[in-house]
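This explanation is for a reader who has not seen the structure before. It begins with empty space inside the protein and then moves through some residues, strands and helices.

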Amino acid sequence: MKSGELYVVGLGPGHPDLLAPRARSVLEAADVVVGYRGYLAQLEGVVPLRGAVASELTQEVERARLAVDRAWGGERVAVVSSGDAGVYGMAGLVLEVLAARDWDPEAGPGFEVVPGITAITAAAALAGAPLMHDFAVVSLSDRLTPWPVIRRRLQAVAEADFVIGLYNPRSPRRTAPLEEARRILLAVRRPDTPVALVRNAYRPGQAVSIRTLDSFMPEEVDMFTTVIVGNAATRVYRGRLVTPRGYRLAEAGAVDP
Ligand code: SAH
């Protein structure tokens, strides 16, 4: 029996130019591409697919099982996530399903994660250069993580003055976490700390808003938004966030002293 292949592929933030060449070639060669229907729709007219199985957003376990089954049966299967499949994406779940079935890489199926541009770097590019120093990413979704765990991590990274990226910041039914995140951050950061709200980065409807920690409107934030909160040194220059890394511009002759 021919040995199947299992690829977990990050599609990048949305624009076809930001789909990695390796991702494109793996998708084209796949017998079947498995993913949330919205992500498969995003590939229409961009990458010709030989077969596709679309599912709903929350059906991740079923999707991973189906993909593993079909790869085990000898097919070349690609599972897609937006951004990077290894960042709050399908890569870990697929590997967990493989592990639960005593998968042996020597015996197959083959397994490969194809990286993609994740939301925080896509959003940062549009906001300026906010990630030039240490940063942390926190998902505000408590669907799979208990809120006390999220709160403890927020407190820790706020305290340590990381630049912070918030994924899954706010949905129509889940509005409290963003409010509490703001309270936690305001306890240790200046009210005028720069905040970038980047919605639909590199997708239709892209919007970048530069705000401050105490003044941004929660209504401006939804599940298509990545929120970037500056550290104590982050400032805004003509609509762009910049977090200085510590270079001495005057000494290097880049500006008049
Ligand atoms: N695997 C994805 C993240 C999935 S979590 C990645 O690596 O990017 C989903 C969250 O990512 C969204 O709620 C939003 O906060 C963020 N996100 C994903 N794509 C985005 C985009 N194009 N623009 C802004 N934020 C995005």
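What volume does the largest cavity have? The largest cavity measures about 40 Å³ in volume. The model is a predicted one, and the value is computed from its atoms. The count of cavities of 30 Å³ or more comes to 1. In general, rolling a probe the size of a water molecule over the atoms shows where empty space is left. Around the largest cavity stand Leu11, Gly14, His15, Pro16, Leu19, Gln42, Leu43 and Val46. By class, 5 of these lining residues are nonpolar and 3 are polar, with no charged residues in the lining.

The overall frame can be given next. The protein has 257 residues, of which 43% count as buried. Its secondary structure comes to 7 helices and 13 strands. Taken along the principal axes, the C-alpha atoms fill a box of roughly 70 × 45 × 35 Å. Among contacts with a separation of 6 or more, 69% are between residues 24 or more positions apart.

Phenylalanine 111 is one residue to look at. It belongs to strand 5, which covers residues 110-114. Is phenylalanine 111 buried or partly exposed? Its relative accessible area is 23%, so phenylalanine 111 counts as partly exposed; the cut-off for buried is under 20%. Leaving aside residues up to four places away in sequence, phenylalanine 111 touches Leu6, Val8, Ala91, Val94, Leu95, Leu98 and Trp103. Arginine 211 lies 100 residues from phenylalanine 111 along the chain, and the C-alpha atoms of the two are 42 Å apart.

Arginine 189 is another residue to look at. It sits in the loop between helix 7 (176-186) and strand 9 (194-199). With a relative accessible area of 7%, arginine 189 is buried. Which backbone oxygen does the side chain of arginine 189 reach at 2.6 Å? That oxygen belongs to phenylalanine 162. A polar atom of the arginine 189 side chain also lies 3.3 Å from the backbone oxygen of alanine 158. Not counting residues up to four places away in sequence, the residues that arginine 189 touches are Val157, Ala158, Asp161, Phe162, Ile164, Leu213, Val229, Gly230 and Asn231.

One of those contacts, Val229, leads to strand 11. Why is strand 11 (residues 225-229) described as largely enclosed by the rest of the structure? The description holds because 5 of its 5 residues are buried. Both faces of the strand are covered. Thr225, Val227 and Val229 are buried on one side, and Thr226 and Ile228 are buried on the other.

Strand 11 is paired with other strands. Strand 8 (residues 163-167) runs antiparallel to strand 11, and 3 bridges join the two. Glycine 165 has isoleucine 228 of strand 11 as its bridge partner. Strand 9 also pairs with strand 11 in the antiparallel sense, over 5 bridges. Here valine 195 has valine 229 of strand 11 as its bridge partner.

Helix 7 precedes the loop that holds arginine 189. Its buried residues include Pro177, Leu178, Glu180, Ala181, Arg182, Ile184 and Leu185. An α-helix has 3.6 residues a turn, so residues three or four places apart point the same way. The cover over the buried residues of helix 7 includes helix 6 (147-159), strand 8 and strand 11.

Another part of the model is an open sheet of 3 strands. Its strand order is 6-13-12, and its pairing is mixed. At the edges are strand 6 (128-129) and strand 12 (235-237), each of which pairs on one side only. Strand 6 and strand 13 (residues 240-242) run parallel and are joined by 2 bridges. Alanine 129 stands opposite valine 242 of strand 13.

These two residues, Ala129 and Val242, also appear in the lining of the second largest pocket. How much space lies in the second largest pocket? The space comes to about 190 Å³. The rest of its lining is Met132, Arg235, Thr243, Pro244, Arg245, Gly246, Tyr247 and Leu249. By class, the lining of this pocket has 6 nonpolar, 2 polar and 2 charged residues.

Note on methods: Residues are numbered from 1 along each chain as its sequence is written. This is a predicted model: local features need pLDDT of at least 70, side-chain atom pairs count only at pLDDT 80 or more; totals for chains, interfaces and linings use all residues. Side-chain values use heavy atoms; hydrogens and water are left out. On a 1 Å grid over the protein atoms alone, a cavity is a set of points where a 1.4 Å probe fits but cannot get out, and a pocket is an open set with protein on both sides within 12 Å along at least five of seven lines; lining residues have an atom within 4 Å of a point. Grid points are joined across faces, edges and corners, and a volume is the space filled by probe spheres set on the points. Ala, Val, Leu, Ile, Met, Phe, Trp, Tyr, Cys and Pro count as nonpolar, Asp, Glu, Lys and Arg as charged, and the others, Gly among them, as polar. Helices (H or I, at least four residues) and strands (E, at least two) are DSSP runs, numbered from the N terminus. Buried means under 20% relative accessible area, exposed over 50%, partly exposed in between (1.4 Å probe, protein chains only). Contact means heavy atoms within 4.5 Å. A polar contact is a pair of N or O atoms within 3.5 Å; within protein, one must be able to donate a hydrogen and the other to accept it, and residues adjacent in sequence count only if both atoms are side-chain atoms. Two strands pair if DSSP finds at least two bridges between them.
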